[in-house]
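Here are a few friendly notes to read alongside the model. Please keep the sequence open as you go through the points.

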Amino acid sequence: MEELLELRQFLEQGKIHEALLLVDELEEMSLSDKINKIDSYGVILLIHLIKQKAEKRSTRSWDVSIENTVREINKINKRRKSGDYYLNQTELMDILQQGYQVALKRAALEAFEGRYEAQELAAMVDQEEILTQALEFIQQ
């Protein structure tokens with residue numbers, strides 16, 4: 001909110017250059033927030049996909065969580081006015097790849113009632129297959 005007041009002051013004072021710099025900063029902050037949210041939902045998506053692949057089963061709870069995370073990722077990533085997306089396929093894959101190890105550690109706590117360490121669980125699944133599946137879900 002403080003930034004909006006500062007923007008108003010710049011505009012009232014005719015300081016267009018400073019106002020535009022602040023607008024750029026606000027846009028960057030907004031995009032950063034969207035990326036962080038997509039990352040968080042991406043980790044949840046990956047956790048459930050890892051558990052499904054490792055345990056070779058699914059539950060209604062996991063299925064609903066997958067649907068919800070995909071819906072949230074798409075809602076956050078969609079530009080309202082233009083209909084385009086903030087992040088393209090490559091950028092989404094980068095975020096998923098960065099979150100994979102976090103998701104693997106968290107999935108290890110849940111899959112098979114926590115009996116396996118993350119490295120052991122990693123050996124049971126194909127990381128590239130899971131990442132590809134996650135991206136496909138997001139792009140449906």
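1. Let's begin with the inward-facing part of one helix, bearing in mind that this is a predicted model. In α3, the buried residues are Trp62, Ser65, Ile66, Thr69, Val70, Glu72, Ile73, Ile76 and Asn77. Looking down the axis of α3, these buried residues stay within an arc of 165 degrees, so they line one face of the helix. Arg60 and Glu67, on the other side of α3, are exposed.

2. What lies over that buried face? The cover includes α2 (16-55), α4 (89-110) and α6 (127-139). As for its own dimensions, α3 runs over residues 60-77, 18 residues in total, and spans 26 Å from first to last C-alpha, close to the 26 Å expected at 1.5 Å a residue.

3. Ser65 makes a good stop on the way through α3. Its relative accessible area is 17%, and because the cut-off for buried is under 20%, Ser65 counts as buried. Setting aside neighbours within four places in sequence, Ser65 is in contact with Ile44 and His48.

4. Now for the charged pairs. How many salt bridges are there? The count comes to 7. One of them joins the side chains of Lys53 and Glu129, at 3.0 Å from N to O. Lys53 belongs to helix α2 and Glu129 to helix α6, so this pair ties together parts that are 76 residues apart in sequence. Both partners are partly exposed: Lys53 has a relative accessibility of 29%, and Glu129 has 39%.

5. Back in α3, have a look at Glu72, which is buried with a relative accessible area of 14%. The side chain of Glu72 meets that of Arg71 in a salt bridge of 2.9 Å, N to O. Glu72 also forms a salt bridge with Lys75, where the closest N and O atoms are 3.3 Å apart. Glu72 and Lys75 are 3 residues apart in helix α3, so about one helical turn separates them. Through shared partners, Arg71, Glu72 and Lys75 are joined into one network of salt bridges. Unlike the buried Glu72, Arg71 is partly exposed at 45% relative accessibility, and Lys75 is partly exposed at 43%.

6. Finally, a look at the surface. Which residues make the nonpolar patch of about 290 Å²? They are Leu11, Ile16 and Leu20. Leu11 sits in helix α1 (residues 2-12), and with 49% relative accessibility this leucine counts as partly exposed.

Terms used: Residues are numbered from 1 along each chain as its sequence is written. This is a predicted model: local features need pLDDT of at least 70, side-chain atom pairs count only at pLDDT 80 or more; totals for chains, interfaces and linings use all residues. Side-chain values use heavy atoms; hydrogens and water are left out. Helices (H or I, at least four residues) and strands (E, at least two) are DSSP runs, numbered from the N terminus. The expected span of a helix is 1.5 Å times one less than its number of residues. Buried means under 20% relative accessible area, exposed over 50%, partly exposed in between (1.4 Å probe, protein chains only). The arc is that of the directions from the helix axis to the C-beta atoms. Contact means heavy atoms within 4.5 Å. Patches are made of residues with over 30% relative accessible area and no salt bridge: like charges are joined within 9 Å, nonpolar side chains (Val, Leu, Ile, Met, Phe, Trp, Tyr) within 5 Å. Accessible areas come from the Shrake-Rupley method with a 1.4 Å probe; for residues, only the protein chains shown count as cover. A salt bridge is a side-chain nitrogen of Lys or Arg within 4 Å of a carboxyl oxygen of Asp or Glu.
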